[in-house]
Amino acid sequence: MPRDIPVGNGRLLVNFDHKYRLRDFYWPHVGQENHTEGHVFHFGVWVDGRFSWIGGEGWERSLDYMDDSLVTAVTLRNPELALRLDCRDTVDFHEDLYLREITVRNEVDRDREVRLFFGQDFHISGHEVGDTAYYEPERRAVFHYKGRRWFIVNSMREGSPEGVDQWAVGVKEAKGKEGTWRDAEDGTLSGNAVAQGSVDSTIALHLLVPAQGEARGWHWIAVGDCFEDVTGINRTVREKGPSTLIERTHDYWILWVKKGQCDFGALSRDVRQLYRRSLMVLRTQIDNEGAIIAANDFDIAHYGRDTYAYMWPRDGALVAAALIDAGYPEVTRRFFDFCHRVITREGYLLHKYNADGSLGSSWHGWYQDGEKRLPVQEDETALVIWALWRHFDRFLDIEFVKPHYRGLVTRAADWMCQYRYEDSGLPLPSWDLWEERRSVHAWTIGATWGGLQAAANFAQAFGEMDLAVRYREVAGEIKAGARQHLMSSETGCFVRSIHRRDDGTWAHDRTMDASLIGLWAFGMFAADAPEIDATMKRMKDRLWVKTDVGGMARYEDDYYHQVSSDLERVPGNPWFICTLWMAQWHIARAKSMEDLEPAREILAWVADRDLRSGVMAEQVHPYTNEPVSVSPLTWSHAELVMTVRKYLEKLAELAQL
């Protein structure tokens, strides 16, 4: 289920689903730990003796953000209850505090009492065992804690400093008990004050709403390492006022996103808005200690009992490249620091990492067919160096790069030089971009070439010409090997991967794959080279989805979340990433303004298929346009930002001709 509106500050990340139910609560790292484990935090309304959960039937929902801000703009209306709720959610840019403002609008001609109920289904540190919840009368608040993870849950109404009006804590997920949220459905909570084990809590806020008028209240959750931390934040909310904190966070994000502004030329208003929204969504998915997390939609755990809440060096490098293009070096510096911390002594990066730098889960083994195999995706190492050079080239960040030159750049480049076949010069087998097959892949070859050229640029800049020459020589050998072994005589196009047979000959995998863009995207071949031109045209023919939805599939007969067996029309679900790659190819080879039209059309296609909030999933359904797989996918937003920047750069270049 997609996460329509994430809000965060680089430590605390809160995600809502399409029914405006809080589903994820990550802290102290983005992507680590999720204190809900994907469970629903219920939000309900009682009025005139009737009760309704916001996630249930009868509600009209509009989930969006305020313009250019990470403060939500959510409208909920229930005609049967004659109520409208306007909500603003945010995570304070400075404090580890989630805040919700609710303005209740009464649509009948009499005064009414409206009771708002907020249920907290914590699974602290990712599981429910050993949690405690209790009501504390001095602050009129509910606390949840386990170990060094503390949460305070509180509320107030406009004009009154008092806390919650009702409360209940109790047992859930044991002996058939669903939780205290069920206790709310008669409009009155039990007042039970403490529970331990697998527990939840529900609080209520009572508002007196005048006829055809409105009343306002706030609900918040603060998180910290101890009681003093959360009570200190709670005190700040009381003293400054919750509206003040929401407004300051709203202003902060307006200031932050202005940094990425540019002259958008003839791009549509929708594309401009999506560009700015993408920058802010990217920031919500990046931990303050440098980890760029792939996605934080916990529901994907139901697919394979794992999540995307990891730092893949490849995804991170491509996201960093987009942020570099947009002018956010303070974010990308921390990413490169992270990579320097985790790179192995031998010079390669492994599959994926947790946000704290520890090694993430993996399905890539160290042993196969009776021998040791290095479980790497070489592009992940190469692209970090490629992206770091983009950072240096854009910002000339000499003192930042200096300590990374020996420990990250040359260490990785030396390993890439060594990890090759002696005769062909090509990289040894590693896992592909999609992490499904181990071989010698076109994408990896192109990325490795790009990484070595970047390392050579660094070596030259730092006066080590012998290394610069060495890295460029190896890059040249890799390119020559690609030209010799990756071309198919049958199609006149490059193949996606090759495999060394026992007799030394190469077997071709001719499956058309969008990752073939790696041969030109990192500079190894020109985007308008004849063999690239032939490959890309064949890619468009074979991978474009031939339904009303359109878009590019990853590769032919893509099984991941596959919804159609009509492979002639639907080779796979459309991916935002792959579709935007096609736009980038049109941009790279454009010689006139007219040549940019296909790219504009693709950008419009993307802007038509994001969620109302501007959030982009990994894939869309090939018949319905509904989001498929995780949402938001960080990489999708990065490719949108990168495509817009490339488009504008080419537009300026053509205008000078």
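Which helix is Glu639 found in? Glu639 sits in helix 15, residues 634–655, and we come back to that residue in one of the close-ups below. Keep in mind throughout that this is a predicted model.

**View 1. The whole protein, before zooming in.** Let's start with the overall picture: the secondary structure comes to 15 helices and 26 strands. The C-alpha trace spans about 80 × 50 × 45 Å along its principal axes. A compact globule of 657 residues would have a radius of gyration near 26 Å, and the protein has 26 Å, so the two agree. Of those 657 residues, 64% count as buried. Take the contacts with a separation of 6 or more: 65% of them are between residues 24 or more positions apart. As for the outside, the accessible surface comes to about 24100 Å², with 48% of that belonging to carbon and sulfur atoms.

**View 2. Glu639 and its surroundings in helix 15.** Here is the glutamate from the opening question, back in helix 15. Is Glu639 buried or exposed? Its relative accessibility is 2%, and the cut-off for buried is under 20%, so Glu639 counts as buried. Leaving aside neighbours within four places in sequence, Glu639 is in contact with Leu318, Ile577, Leu580, Trp581 and Gln584. One of these partners, Trp581, turns up again in the next view. For a sense of scale, Glu639 and Val30 lie 609 residues apart in sequence, yet their C-alpha atoms are 21 Å apart in space.

**View 3. The largest nonpolar core, with Tyr20 up front.** In soluble globular proteins, nonpolar side chains tend to be buried together. In this model the largest nonpolar core has 201 residues, and the members touching the most others are Tyr20, Phe43, Leu85, Leu116, Met539 and Trp581. Helix 9 (residues 442–461) supplies the largest share of this core, 11 residues. A second, separate core has 17 residues, including Tyr134, Trp220, Ala222 and Ile233. What does Tyr20 touch, not counting residues up to four places away in sequence? The list is Ile5, Phe43, Ile54, Leu63, Val74, Leu76, Cys87, Asp89 and Arg100.

**View 4. Helix 9 from end to end.** This helix is largely enclosed by the rest of the structure, because 17 of its 20 residues are buried. At 1.5 Å a residue, helix 9 should span 28 Å; its end C-alpha atoms are 29 Å apart, which agrees. Look just after helix 9 and you'll find Gly463, which takes a positive phi of about 80 degrees.

**View 5. Strand 18 and its two antiparallel partners.** Strand 18 covers residues 214–224, and 10 of its 11 residues are buried, so the strand is largely enclosed by the rest of the structure. Strand 10 (residues 97–106) runs antiparallel to strand 18 and is joined to it by nine bridges. In this pairing, Val104 stands opposite Ala215 of strand 18. Strand 14 (residues 149–157) is also antiparallel to strand 18, with eight bridges between them. There, Arg157 has Gly217 in strand 18 as its bridge partner.

**View 6. A four-stranded open sheet.** The strands of this sheet follow the order 1-2-3-4, with antiparallel pairing. At the edges are strand 1 (7–8) and strand 4 (32–34), each pairing on one side only. Two bridges link strand 1 to strand 2 (residues 13–16), and Gly8 has Leu13 in strand 2 as its bridge partner.

Key:
Residues numbered from 1 in each chain as written. Predicted model: local features only at pLDDT ≥ 70, side-chain atom pairs only at ≥ 80, totals over all residues. Heavy atoms only, no water. Core = buried A, V, L, I, M, F, W, Y, C linked by side-chain atoms within 4.5 Å. Buried < 20%, exposed > 50% of the residue type's maximum accessible area, 1.4 Å probe, protein only. Contact = heavy atoms within 4.5 Å. Pairing = 2+ DSSP bridges. Rg over C-alpha atoms; globule rule 2.2 N^0.38 Å. Areas by Shrake-Rupley, 256 points an atom, 1.4 Å probe, with all protein chains shown as cover. Expected span 1.5 Å × (residues − 1).
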